[in-house]
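Dear colleague,

I am passing on to you the structure we talked about, together with a short account of what was found in it. Please look through the coordinates alongside the notes below.

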Amino acid sequence: MKQMTWHKNGKRYNPDKMVHPSDGDAWTHFDGIHRVKAEEARNVRVALATDGFNPYGLSAAPYTCWTVFVIPLNLPPGVIFQPKNVFLSLIIPGHPGNNMGVFMEPVFDDLIDAWEKGVLTYDRATKRNFTMHVWYHYSLHDFLAYGLFCGWCVHGKFPCPICKAGVRFTWLKSGGKFSSFDQHRQFLPLDHPFRRDIKNFTKGVEVTDPAPQMMTAAEIRAEIEALKVDKEKGRFDGYGQYHMWTHKSGLTRLPYFNDLLLPHNIDLMHTEKNIAEALWGTLMDTEKSKDNVKARVDLAALCDRPKQVMKTPAPGKKWKRTSVDFVLKKDQRREVCQWVQSLMFPDGYAANLRRGVNVSTCRVLGMKSHDFHIWIERLLPAMTRGFVPEHVWRVLAELSYFFRQLCAKELSRAVIDDLEKVAPVLLYKMEKIFPPGFFLSMQHLILHLPHEARMGGPVQACWCYPIERCLKVLQKKCRNKARIEASMAEAFILEEVSNFTTSYYKDSLPSVHNPIPRYNTDERSSNLSLFKGQLGRASASSTKTLRNDEWRTIMLYVLLNLDEVNPYVQ
Ligand SMILES: [Zn+2]
């Protein structure tokens with residue numbers, strides 16, 4: 001219980017830096033309004049996390065089931081996302097789609113009850129009962145789940161749930177998708193030279209509009225409440241024209257909704273991964289490259305970049321892309337692959353990237369979210385230095401540094417101020433280099449990330465890595481494939497009970513709280529001096545029959561180095 005008051009009473013070693021969601025502006029703003037409830041440090045703020053996953057694994061039947069986790073945010077930074085503090089509160093069988101709001105109703109009912117009436121709770125630290133109030137602080141999920149959770153469709157011409165109808169994406173005819181290309185000049189200061197640049201962005205277009213106003217929570221609630229259903233089409237009036245509201249989320253029922261400055265978090269993990277993946281594909285010219293024929297056709301229509309425009313091919317011939325300076329040449333790509341193959345990281349820092357390298361095809365297969373995280377923040381500048389022109393490299397390095405600063409465990413407010421100014425300019429520097437097809441909604445989100453960090457505190461407390469880890473654990477627990485959701489729920493409850501009951505055990509007793517250390521230093525080690533110390537297995541053991549000469553060498557080594565044998569030798 002003591003740890004639950006950390007957000008208020010916990011020791012901060014560096015008071016200027018943000019280390020916890022409670023250092024964010026959203027938290028202090030809320031506390032300023034609801035002083036009485038905020039005064040009691042034991043009252044709990046929770047985060048909701050939603051994500052879909054396939055409980056049968058990737059290779060099995062296509063099926064998703066959605067989970068909603070509740071995470072108390074009062075705990076110290078390193079403890080918040082420990083598996084025992086992440087509670088599974090809801091399992092939605094199948095994809096909820098626009099019924100997400102309906103499925104979430106029980107959770108919101110409980111939240112309203114816990115806010116208004118409170119729950120009688122025993123405090124073990126003071127050995128007294130008290131009425132605990134619980135309220136919602138923010139939610140974390142990937143971009144698609146964000147849309148489902150808040151009821152705003154994240155596709156189409158207004159895909160950004162933060163700007164809402166304030167930013168209208170451009171339709172790319174050839175690519176057949178909406179692009180955020182050249183939609184951010186309005187976020188720059190009014191006298192910024194990029195606003196008057198008619199050459200590098202959309203040709204012949206100057207931007208004089210001010211930045212769109214972000215809607216406040218009260219305005220959002222009013223807009224949602226004013227929505228009328230068009231019974232013929234089965235959706236809200238004006239859908240796709242003025243708004244993209246798909247359903248009413250129960251979130252607006254919370255009595256304190258208007259006081260939440262940051263009701264949802266953009267997940268940095270997925271954003272970074274998608275941007276890094278697009279960048280990797282484009283630089284390495286893989287099949288996922290955003291610099292493809294369709295992108296070049298759109299580029300010719302939108303921008304004034306004669307060097308990148310393709311010549312119309314003869315009838316029956318294929319389009320041929322002219323070479324551009326931001327794509328690595330074949331021999332450079334091979335060199336990169338060889339370099340990746342030779343990379344070594346500190347233990348536990350990153351996955352082994354070398355596994356997936358194929359030098360002959362210049363591909364690195366099987367890169368996951370965390371690999372892209374390491375790649376864009378650490379490897380990108382070193383990898384491209386000297387291979388791309390200096391002005392391109394500088395932008396890539398800036399992007400890498402942007403993410404590295406944002407992902408810091410301790411965020412200083414001065415850095416965030418800088419990042420907020422840097423974000424739109426950085427986007428524009430990228431738009432000068434890459435074709436319009438490169439810029440999707442994910443690239444647009446770069447604009448909002450620093451602001452969200454200011455509101456919600458360091459991204460470590462609002463990204464999805466821990467949630468994905470929980471899903472992985474949950475997936476392993478499903479034993480009864482015929483009743484998959486029930487099996488998950490039962491396994492989770494069982495673990496929760498064992499977690500809380502065993503926390504009163506002595507340290508010497510084996511339990512989930514004192515796991516076996518990663519490096520085997522336990523009492524199973526040998527009595528012989530030579531075999532004492534850290535002698536853990538590096539991987540799964542297998543049996544090997546020794547050749548005669550191998551056996552002799554090993555025996556000789558043991559006999560020469562074993563102290564216990566010395567008296568006999570002498
Ligand atoms: Zn936006």
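What follows describes a sheet with the helix that packs on it, and then a pair of helices.

Please bear in mind throughout that this is a predicted model.

To begin with the sheet, five strands form an open arrangement in the order 4-3-2-7-12, with mixed pairing. Its edges are strand 4 (87-93) and strand 12 (264-266), each of which pairs on one side only. On average, and with direction ignored, neighbouring strands of this sheet are turned by 25 degrees against each other. Within the sheet, strand 2 (residues 44-53) runs antiparallel to strand 3 (residues 65-72), and the two are paired over eight bridges; Phe53 has Cys65 in strand 3 as its bridge partner. Helix 15 (residues 465-477) packs on the sheet, where it touches strand 2, strand 3 and strand 7 (134-141), and its direction makes about 60 degrees with that of strand 2.

Turning to the helix pair, helix 11 (residues 390-406) packs with helix 12 (residues 413-433) at an angle of about 145 degrees, their axes lying 10 Å apart, and the crossing is left-handed. Helix 11 contributes Val392, Val395, Glu398, Leu399, Phe402, Gln405 and Leu406 to the contact, while helix 12 contributes Val415, Leu419, Val422, Leu426, Lys429, Met430 and Ile433. Taken by character, the residues of this contact comprise eleven nonpolar, one polar and two charged.

With best regards

Note on methods. Residues are numbered from 1 along each chain as its sequence is written. This is a predicted model: local features need pLDDT of at least 70, side-chain atom pairs count only at pLDDT 80 or more; totals for chains, interfaces and linings use all residues. Two strands pair if DSSP finds at least two bridges between them. Helices (H or I, at least four residues) and strands (E, at least two) are DSSP runs, numbered from the N terminus. Axes are lines fitted to C-alpha atoms, for helices over the stretch in contact, and angles run from 0 to 180 degrees between N-to-C directions. Two residues are in contact if their C-beta atoms, placed from the backbone, lie within 7 Å. A crossing is left-handed if the near helix is turned anticlockwise from the far one by less than a right angle, and right-handed if clockwise. Ala, Val, Leu, Ile, Met, Phe, Trp, Tyr, Cys and Pro count as nonpolar, Asp, Glu, Lys and Arg as charged, and the others, Gly among them, as polar.
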